[in-house]
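Here are some friendly notes to read alongside the coordinates. They are meant to be followed with the viewer open, one point at a time.

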Amino acid sequence: MAIRPILALLIALLWGTPVFAAAETAIEVWKSSTCSCCGNWVKHLESNGFAVTVNAVEPSMLAAIKRQAGISETLASCHTAKIDGYVIEGHVPASDIKRLVAEHPDAVGLTVPGMPAGSPGMEQGGEFEPYDVLLLKKDGTTSVFAHH
Ligand SMILES: [Cu+2]
């Protein structure tokens, strides 16, 4: 009689096993060592199944990484990450990163410019500032990937 719930649990565990973890959830993050909202975003990724490698770097180094990644000042935020050949700038929700990797568009990556209150890692009580996740294309233009 208790077989069904056990089976369901087993299936859930199997699905949860990181069989596909290697490429699709390995994400590398660059941030300054003193950035606490960056750290909170890393926690958000980890609790959503990402394997995060964090590099704490000097601000000048971080600026160089953004420049090299094609992130202009108007598109920039506090931290920069790379996953599966894409650049992830700022407080992009884990669900949008998963969608990006799954849909695999021909693009540079995603950015949430600035640091909108209420985005993952930017929780400030109940404050919520609506924001767009932008898809940065290879020609430097952007389009709205998701609205939150
Ligand atoms: Cu931040």
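1. Let's begin with what covers the buried residues of H3: the cover includes E1, E2 and H5. Please keep in mind that this is a predicted model. The residues of H3 that count as buried are Cys37, Cys38, Trp41, Val42, His44 and Leu45. Seen down the axis of H3, these buried residues fall within an arc of 155°, so they line one face of the helix. Ser36 and Lys43 are exposed, and they sit on the face of H3 turned away from the buried side. A general point helps here: an α-helix has 3.6 residues a turn, so residues three or four places apart point the same way.

2. How do the helices lie on the strands? H3 lies across E1 and E2, and its direction makes about 165° with that of E2. H4 also packs on the sheet, where it touches E1, E3 and E4, and it runs at about 50° to E3.

3. Now the sheet itself. It is open and built from 7 strands, in the order E2-E1-E3-E4-E5-E6-E7, with mixed pairing. Strand E2 (51-56) and strand E7 (142-147) are the edge strands; each has a single partner strand, so one side of each is left without a neighbour in the sheet. From one strand to the next, the twist averages 25°.

4. Strand E4 (residues 86-90) deserves a closer look, since 5 of its 5 residues are buried. On one hand, strand E3 (residues 80-83) pairs with E4 in the antiparallel sense through 4 bridges, and Thr80 stands opposite Glu89 in E4. On the other, E4 and strand E5 (residues 109-112) run parallel and are joined by 4 bridges, with Ile88 opposite Leu110 in E5.

5. Do check the handedness of the connection after E4 in your viewer: E4, helix H5 (residues 94-103) and E5 make a left-handed β-α-β unit.

6. Further along the sheet, E6 and E7 run antiparallel and share 5 bridges. One of the pairs places Leu135 opposite its bridge partner Ser143 in E7.

7. Which residues have the most contacts inside the largest nonpolar core? They are Ile88 and Leu110, in a core of 31 residues. The elements giving two or more residues to this core are strand E1 (26-31), helix H3 (36-46), helix H4 (59-69), E3, E4, H5, E5 and strand E6 (132-136). H3 gives the most, with 5 residues. Leaving aside residues up to four places away in sequence, Leu110 touches Ile88, Val92, Asp96, Ile97, Leu100, Val133, Leu134, Leu135 and Phe145.

8. Two backbone angles are worth a look. Most residues other than glycine have a negative phi. Asp84 is not a glycine, yet its phi is positive at about 55°. This residue lies in the loop between E3 and E4, two strands that form a hairpin with 2 residues between them. Asp84 counts as partly exposed because it has 15 C-beta neighbours inside 10 Å.

9. The other angle belongs to His104, a residue other than glycine with a positive phi near 45°. His104 is found in the loop between H5 and E5. Is it buried or exposed? With 10 C-beta neighbours inside 10 Å, His104 counts as exposed; the cut-off for that class is 12 or fewer.

Notes:
Residues are numbered from 1 along each chain as its sequence is written. This is a predicted model: local features need pLDDT of at least 70, side-chain atom pairs count only at pLDDT 80 or more; totals for chains, interfaces and linings use all residues. A residue is buried if 20 or more other C-beta atoms lie within 10 Å of its own, exposed if 12 or fewer, and partly exposed in between; C-beta atoms are placed from the backbone. Two strands pair if DSSP finds at least two bridges between them. A crossover is right-handed if, with the strands pointing away from the viewer, the path from the first strand over the helix to the second runs clockwise. A nonpolar core is a set of buried Ala, Val, Leu, Ile, Met, Phe, Trp, Tyr and Cys residues joined through C-beta atoms within 7 Å. Two residues are in contact if their C-beta atoms, placed from the backbone, lie within 7 Å. Axes are lines fitted to C-alpha atoms, for helices over the stretch in contact, and angles run from 0 to 180 degrees between N-to-C directions. The arc is that of the directions from the helix axis to the C-beta atoms.
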